[in-house]
Amino acid sequence: MKSWLWLALLCAPVWAAPAPKVGEVVRVEHRPPDALPTLGPSTAPVTIELFFAPVQNSRRQEFENVRKLQLKHPSRIRVIYRVVKATGMARLHYAVLEAYAEGKFNEFMTALNNASRSSLTDAALLEMGKNVGMDPQQLALAIAAVACR
């Protein structure tokens with residue numbers, strides 16, 4: 001398949017899911033688009049902001065140490081993950097934010113930190129997302145957003 005056609009398909013709008021049946025209750029989780037990945041309550045007396053570029057095994061130890069610290073003190077520590085773009089790896093930044101939007105941030109970051117050191121292709125990112133329970137179509141759109149800009 002031609003690469004321009006593949007890109008056009010990835011940038012095309014996604015059709016809406018079928019309407020729910022009459023009387024069916026549908027729960028839609030909403031996360032504001034400008035919200036950052038966080039862990040812990042907003043009322044915690046201590047806030048830790050971890051700035052990181054999501055590249056394989058980057059700051060893995062710091063990421064795990066902060067997560068363990070927050071788990072030891074769940075009501076006292078809030079962690080805000082500041083995801084920054086890595087040079088040459090912009091699509092990974094969008095993949096991490098999409099994982100957060102789908103509620104799979106921790107699972108995706110764990111998979112990313114455990115991935116081999118070889119470069120991640122789009123197909124490998126899609127497979128990683130699928131393995132942690134992300135919607136492959138949404139992830140493909142997030143990754144393609146880089147190419148569409």
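Me: Why does Arg67 count as buried?

Reply: In this predicted model, Arg67 has a relative accessibility of 13%, and because buried means under 20%, Arg67 counts as buried.

Me: What makes Glu64 partly exposed?

Reply: Glu64 has a relative accessibility of 22%, and since partly exposed covers the values between the buried limit of under 20% and the exposed limit of over 50%, Glu64 counts as partly exposed.

Me: Why is the contact between Arg67 and Glu64 called a salt bridge, and where do the two residues lie?

Reply: The closest N and O atoms of the pair are 3.6 Å apart, and the rule asks for a side-chain nitrogen of Arg within 4 Å of a carboxyl oxygen of Glu, so the contact qualifies as a salt bridge. Both residues lie in helix H2 (residues 60-72), three residues apart, which is about one turn of the helix.

Me: What makes Glu49 and Arg82 a salt bridge, and which parts does the pair tie together?

Reply: Their closest N and O atoms are 2.7 Å apart, which is within the 4 Å that the rule allows, so this pair too is a salt bridge. Glu49 belongs to strand E2 (residues 46-52) and Arg82 to strand E3 (residues 77-83), so the pair ties together parts that are 33 residues apart in sequence. Glu49 is partly exposed at 39% relative accessible area, and Arg82 is partly exposed at 28%.

Me: How do you know that E2 and E3 pair?

Reply: Pairing requires at least two bridges, and E2 and E3 have seven, in the parallel sense, with Glu49 standing opposite Ile80 in E3.

Notes: Residues are numbered from 1 along each chain as its sequence is written. This is a predicted model: local features need pLDDT of at least 70, side-chain atom pairs count only at pLDDT 80 or more; totals for chains, interfaces and linings use all residues. Side-chain values use heavy atoms; hydrogens and water are left out. Helices (H or I, at least four residues) and strands (E, at least two) are DSSP runs, numbered from the N terminus. Buried means under 20% relative accessible area, exposed over 50%, partly exposed in between (1.4 Å probe, protein chains only).
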